[in-house]
Amino acid sequence: MNGFCVECGKEVDKTVHGLCMECFLRDRTLVTLPDHVDLLTCTNCGQFYWHGDWQSMVEEKAAVTAAKEALTCIKEGKVVSVDPSVSYLDDYNISVTLGCRVQIEDIVADALATTIVRIKNAVCKICSRRLGNYYEAILQIRTSEKTLSKDLQDEVLARVEKVVDDAMATDDNVFITKMEIVPGGVDVYLSLIALGRALVKDLGDMYCAETNESAKLVGQTRDGLDMYRVNYLVRLPEFHIGDIVIFRKRYYLLSRVSNQGGKLVSLDGFREMSVKRQDMPEIKVYCKAADIGTADVITVSDGEVQVMDPSNYSMVDLLIPKGAEIGEKVRVIRIEEVLYFVP
Ligand SMILES: [Zn+2]
Ligand SMILES: [Zn+2]
């Protein structure tokens, strides 16, 4: 059934509002953009606000995305593809032109629309929390000794940073607000309660440490929920892997510490034994790993090594474990006037 155009009278298969396609498209604007589109960017982290969320994007792409979002098309057609071009008017004003292909019935027409994307400075939610020293939890790292040694402090804080870095990879809300050296340890202020909980478990397991938590009501959220701050305490034990320790009146090398407890190696026969986590507090340090001395090796034989006793230069035979690799020096420990090889 053929129709005809009410404008030009041409006979055509299809009409749009009584017009042939040529007459319909003549002087008609197919796509439009507003005069300007505002695009929020966080001055602190450079993320862009997009659909209720802050996202990392290259600025040009963010500008094009914002422009595309504001694009409207006549109701008779639909935009099937967009080819953007971008030019900077200055640092904060970007002219974005969208070259569109618009499908109306069975024809595709080209159309252009241009807008100015205005970059507006803002601060994203996470940065405003960071800048405002926001925190939900405090990880209190303490020791059972008088002071937390610099080495152990560095080791524990490196571990804390690693756990936080890993968590940050999947959650932008994760950050360390601040760290504070306090008498007997360090306080680490954390953005999330869950982060404190994860860290206290991690450190507690790693060092077989005592842990504790206490929550304090600090107010209410905007929607009326109770808001808490939680203190997570981890009390690092005196013992550390590699120390010579006393357990139930006998001397051992502490060879392993885990969430299950510890492993001890006896110095008189190098037998390994396990200590349950609940029994670990009974362990006392006899000599710190760093303070274990050395002796010069004279000869090595099967199961024994002859060394020069560093205190009186006499020759002493020490028992060594099977298959031990012996260099020019060995580590030794003196216990009740007797020298022992330290594996
Ligand atoms: Zn016509
Ligand atoms: Zn930000």
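**Strand pairing in the predicted model**

In strand β19, Met273 is the bridge partner of Leu264. The model is predicted: local features need pLDDT of at least 70, side-chain atom pairs count only at pLDDT 80 or more, and totals for chains, interfaces and linings use all residues. Residues are numbered from 1 along each chain as its sequence is written, while chains are lettered from A and ligands numbered from 1 in the order in which they are written.

Strands here are DSSP runs of E with at least two residues, numbered from the N terminus. Two strands count as paired if DSSP finds at least two bridges between them. Strands β18 and β19 (residues 272-276) run antiparallel and are joined by five bridges. Their hairpin has five residues between the strands, and Phe270 takes a positive phi near 55 degrees there.

Strand β18 (residues 261-266) also pairs with β17 (residues 250-258). Six bridges join these two antiparallel strands. Leu253 stands opposite Val265 of β18. The hairpin from β17 to β18 passes through two residues.

Further along the chain lies an open sheet of five strands, ordered β23-β22-β21-β24-β25 with antiparallel pairing. At its edges are β23 (315-319) and β25 (338-341), each paired on one side only. Direction ignored, neighbouring strands of this sheet are turned by 45 degrees against each other on average. Axes are lines fitted to C-alpha atoms, for helices over the stretch in contact, and angles run from 0 to 180 degrees between N-to-C directions. Within the sheet, four bridges join β21 (residues 293-301) to β24 (residues 329-335), and the two strands run antiparallel. Gly293 has Val332 in β24 as its bridge partner.
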